[in-house]
Amino acid sequence: MAIRKSNKLSQTAVLKQILKRCSSLGKKHGYDDDGLPLDVPKGHFAVYVGENRSRYIVPISLLTHPEFQYLLRQAEEEFGFDHEMGLTIPCEEVVFRSLTSSLR
């Protein structure tokens, strides 16, 4: 199934908007002037996964994978993107680790 270029551009714009909303947590200890965590390398973002909300640092390149996009839609439906905890993925940790390791 081919994705038309216009759909791909809109998906990219939506994903950038999601990342901007999730990373704008305000100025806190451990955050830079733009509200981004200091311990997250450029080209990566933090997500919280599982029942214990374990923190994972993942590359932005995962945003292009349909499987990861599905997780983002699930996260938006279940938790929304406008809360203090950051981007929370509704998935068991073992499943998340398996999926992300296969996508890299």
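A residue is called buried when its relative accessible area is under 20%, and exposed when that area is over 50%. The exercises below apply this to a predicted model.

**Exercise 1. Determine which residues of helix α3 are buried and how they are arranged about the helix axis.**

Step 1. Phe 96, Leu 99, Thr 100 and Leu 103 are the buried residues to consider in α3. For Phe 96, the relative accessible area is 1%, and this residue is therefore buried under the 20% limit.

Step 2. Viewed along the axis of α3, the buried residues lie within an arc of 95 degrees, so they line one face of the helix.

Step 3. The other side of α3 carries the exposed residues Val 94, Ser 101 and Ser 102.

Step 4. The cover over the buried residues of α3 includes β1, β2, α2 and β3 (88-89).

**Exercise 2. Classify the ring pairs that involve Phe 68, and state which parts of the chain they link.**

Step 1. The count of aromatic pairs is three. In one of them, Phe 45 and Phe 68 have ring centres 6.1 Å apart and planes at 75 degrees, which makes the pair edge-to-face, as the angle is over 60 degrees.

Step 2. This pair connects distant parts of the chain: Phe 45 belongs to strand β1 (residues 44-49) and Phe 68 to helix α2 (residues 66-78), with their positions 23 residues apart in the numbering. Phe 45 and Phe 68 are both buried.

Step 3. Phe 68 also pairs with Phe 96, at 6.4 Å centre to centre and 55 degrees between the planes, a tilted arrangement. Phe 68 is in helix α2 and Phe 96 in helix α3 (residues 93-103), so this pair ties together parts 28 residues apart in sequence.

Step 4. Through ring pairs, Phe 45, Tyr 56, Phe 68 and Phe 96 are linked into a cluster.

**Exercise 3. Describe the largest nonpolar core and the elements that contribute to it.**

Step 1. The largest nonpolar core has 18 residues. Those with the most contacts inside this core are Val 47, Val 58, Phe 68, Leu 87, Ile 89 and Phe 96.

Step 2. Two or more residues come from each of β1, β2 (54-59), α2 and α3. The largest share, four residues, is that of α2.

Step 3. Val 58 illustrates the packing: beyond its neighbours within four places in sequence, Val 58 is in contact with Gly 43, His 44, Phe 45, Val 47, Phe 68, Phe 96 and Arg 104.

**Exercise 4. Establish whether Leu 62 is buried or exposed, and which residues it touches.**

Step 1. Leu 62 is located in the loop between β2 and α2. Its relative accessibility is 0%, so Leu 62 counts as buried.

Step 2. With residues up to four places away in sequence left out, Leu 62 touches Phe 68, Thr 100, Leu 103 and Arg 104.

Step 3. For Thr 100, the C-alpha to C-alpha distance to Leu 62 is 7.7 Å, although the two residues are 38 residues apart in sequence.

**Exercise 5. Locate the salt bridge and relate it to the helix.**

Step 1. The structure holds one salt bridge, in which the side chains of Glu 93 and Arg 97 meet at 3.6 Å, N to O.

Step 2. Glu 93 and Arg 97 are four residues apart in helix α3, and therefore about one helical turn separates them.

Step 3. Arg 97 has 41% relative accessibility and so counts as partly exposed.

Definitions and conventions
Residues are numbered from 1 along each chain as its sequence is written. This is a predicted model: local features need pLDDT of at least 70, side-chain atom pairs count only at pLDDT 80 or more; totals for chains, interfaces and linings use all residues. Side-chain values use heavy atoms; hydrogens and water are left out. Rings of Phe, Tyr and Trp (its six-membered ring) pair if their centres lie within 6.5 Å; planes under 30 degrees apart count as stacked, over 60 as edge-to-face and the rest as tilted. Buried means under 20% relative accessible area, exposed over 50%, partly exposed in between (1.4 Å probe, protein chains only). A nonpolar core is a set of buried Ala, Val, Leu, Ile, Met, Phe, Trp, Tyr and Cys residues joined through side-chain atoms within 4.5 Å. Contact means heavy atoms within 4.5 Å. The arc is that of the directions from the helix axis to the C-beta atoms. A salt bridge is a side-chain nitrogen of Lys or Arg within 4 Å of a carboxyl oxygen of Asp or Glu.
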